[in-house]
Structure formats: C-alpha cells, structure tokens
Amino acid sequence: MTLTRLPIPPNAGGAKALANVLAHAILAGEWVSGETFPREIDLCEHFAASRNRVRNALAELSNSGLIERTAGRGTVVRDIEEWHLLDPQMSEWMSELESPHPQLVNEVFAFRLSAEPFISELSALNATAQDLARIETAFDGMWANADDPARREVHTEYDVAFHDAIYRASHNLVWRQMGLLLRPSIVALIHHSHHQVNSLDDSLERHRQVLEAIRMRQPDAARMATERVLERTASDLGVDNGARKLRRPNQALRR
C-alpha cells in the first residue's frame, strides 16, 4: 500500500479526519495484518500534517486495536482478531465503508449465520403485533425500492431495518444489544452484497418467507427461511459457508 493512493483529509478535521482516512484504508484491507505501517515522518510529509496531528490520529487507531506501536519496532497493523469491533469509534468507521476487508466480511457473515436463524425462531415465538408491524413496514420498504438501481441505498436501509426489527422482536436483551453493537458491520455486509447482483427478486422472496413464518408463529419455518436468506447472502458475497454447521437453539433458551 502506498500513501499516494489515500485521499488528503481537510486540515479543518484535525486528527480525527486523518484517523478516518487511515482507519478506512486498514478496514478495507489496504494493509495486511503484521505489515509495517508508514512512519510518522512519512505521514506528516504526505498529508502535510503536523507531528502532533499524526500522533493523535495514530493514537485513535491504536485505541481501536487497528495498529500496535512498539519502541524499536515501529508501527504494525494488528491481526483482525485484535480489532475492537464493538468499540463505538470502530462502529462509526465501519458504517462508512464501501468495500470492507474480505476477512471482516467473512467474520460478520459467520456471526449472522450462527445467530440470526436462532433469533428468527425467538421472534416467531415472542413477536408482538407492534413487532410484526415493524418487520412488515421494513419489508414493504425493501419491496418498493428494489427495482430502481438509483434507490439501492434506500433498499439497503430498509433491509437493515428488517433485520433490526427481528432482533428486537426476539425480546432477548442480549441479542438485541448484540444487534445494535454490530449494526454497522451488518450494514456494510448488506450494502456490499446488494452491489454484487443486478436483481433483488430472489432475495425479496426469501425475506418474505421469513416475515410470513414469524407472522404465523412458526419458529422452525422462521429458522429455515433465515438460513435461506443467508445462503443467498453467501452466494452474493462469494463466501463459502459449506463447512459451517447451523445448530438449533437450546430448547431451554426459548420462552
């Protein structure tokens, strides 16, 4: 990765604007884990920034687990497993990504695959009339904005709202909080998958089946329909989920 490929942030944004540019590059996979990060002096020269501004920007990256600064060794990009994905600052950076790091895509998908079929089951058991209205409103928004490529971003917003409503309908505080914390990552994943296909008709039908299963209080059907949604997501993203096994939730965890 050469610094010349990075945009120059406005000086008015200070260290935060510079940190945003550098963080986005790391989260997009421009630097690989263990790779040496540019020196302070090189960053100062490229961005025409003061040493203090660069150091403060690097401190933000370090606090979020993206880089590690060691005396005598310099600065290196940390392994993705060390990134603080639930940190609010990290969430903000991820929500702005257009092309996430491939491994980040895989990890977020793995979370969705392990959690969302279970959450849909809980939602089929616990959803209130208000919950169902939220899910249906989100689906209607997806359907209304699916055919116009110029409105793909609006469709994505409704798609995220659809899944968020299902997390909420589970009426499980822990899952609800996990959904909120990982929302930026899920947004990035959905956004990325939508831009890999020309038609959303198949995706819409799979989402409709999830809605109907939850509406009809059919937890097994809701789980299987969600698995089919994620199968399509894996196909759109080019993620190999063949080795991943879905496990049904422990009966004791149901209400």
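How much space lies in the largest pocket? The legends below answer this question and describe further close-up views of a predicted model.

**Figure 1. The largest pocket of the protein and its lining.** About 220 Å³ of space lies in this pocket in the predicted model. The lining is formed by 14 residues, and those closest to the centre of the pocket are Leu6, His24, Ala25, Ala28 and Glu30. Sorted by class, the lining of the largest pocket consists of 7 nonpolar, 3 polar and 4 charged residues.

**Figure 2. Overview of the protein, for orientation among the close-up views.** The secondary structure comprises 11 helices and 2 strands. Read from the N terminus, the order of the elements is α-α-α-β-β-α-α-α-α-α-α-α-α. Taken along the principal axes, the box filled by the C-alpha atoms is roughly 60 × 45 × 35 Å.

**Figure 3. Packing of helix 1 against helix 4.** Two packed helices are described by the angle between their axes and the distance between the axes. Helix 1 covers residues 14-27 and helix 4 covers residues 88-95. Their axes lie 10 Å apart and make an angle of about 70°. The two helices, helix 1 and helix 4, are therefore roughly perpendicular to each other, and their crossing is right-handed. On the side of helix 1, the contact is made by Lys16, Ala19, Asn20, Ala23, His24 and Leu27. Helix 4 contributes Gln89, Met90, Glu92, Trp93 and Met94. In this contact of helix 1 with helix 4, 6 residues are nonpolar, 3 are polar and 2 are charged. His24 appears both in this contact and among the residues closest to the centre of the largest pocket.

**Figure 4. Packing of helix 6 against helix 10.** Helix 6, which covers residues 129-144, packs with helix 10 at an angle of about 165°. The axes of helix 6 and helix 10 are 11 Å apart. Why is helix 6 described as roughly antiparallel to helix 10? The angle of about 165° is over 145 degrees, so helix 6 counts as roughly antiparallel to helix 10. Helix 6 passes helix 10 in a left-handed crossing. From helix 6, the contact involves Leu132, Ile135, Glu136, Phe139, Met142 and Trp143. From helix 10, the contact involves Leu204, His207, Arg208, Leu211, Ile214 and Arg215. By class, the contact of helix 6 with helix 10 has 8 nonpolar residues, 1 polar residue and 3 charged residues.

**Figure 5. The largest cavity and the helices around it.** Rolling a probe the size of a water molecule over the atoms shows where empty space is left. A search of the whole structure finds 4 cavities of 30 Å³ or more, and the largest cavity holds about 120 Å³ of space. Among the 13 residues that line the largest cavity, Asp159, Ser193, Ser203, His207 and Thr233 are the closest to its centre. Two or more lining residues are given by each of helix 7 (152-169), helix 9 (183-194), helix 10 (201-215) and helix 11 (219-237). Helix 11 supplies the largest share of the lining, 4 residues. The lining of the largest cavity has 3 nonpolar, 6 polar and 4 charged residues. His207 lines this cavity and also takes part in the contact of helix 10 with helix 6.

How values were computed. Residues numbered from 1 in each chain as written. Predicted model: local features only at pLDDT ≥ 70, side-chain atom pairs only at ≥ 80, totals over all residues. Heavy atoms only, no water. Axes fitted to C-alpha atoms, helices over the stretch in contact; angles between N-to-C directions. Parallel < 35°, antiparallel > 145°, perpendicular 65-115°, else oblique. Left-handed = near helix turned anticlockwise from the far one by under 90°. Contact = heavy atoms within 4.5 Å. Nonpolar A, V, L, I, M, F, W, Y, C, P; charged D, E, K, R; others polar. 1 Å grid on protein atoms, 1.4 Å probe; cavity = no way out; pocket = protein on both sides within 12 Å on 5 of 7 lines; lining within 4 Å. Points joined across faces, edges and corners; volume = space filled by probe spheres on them.
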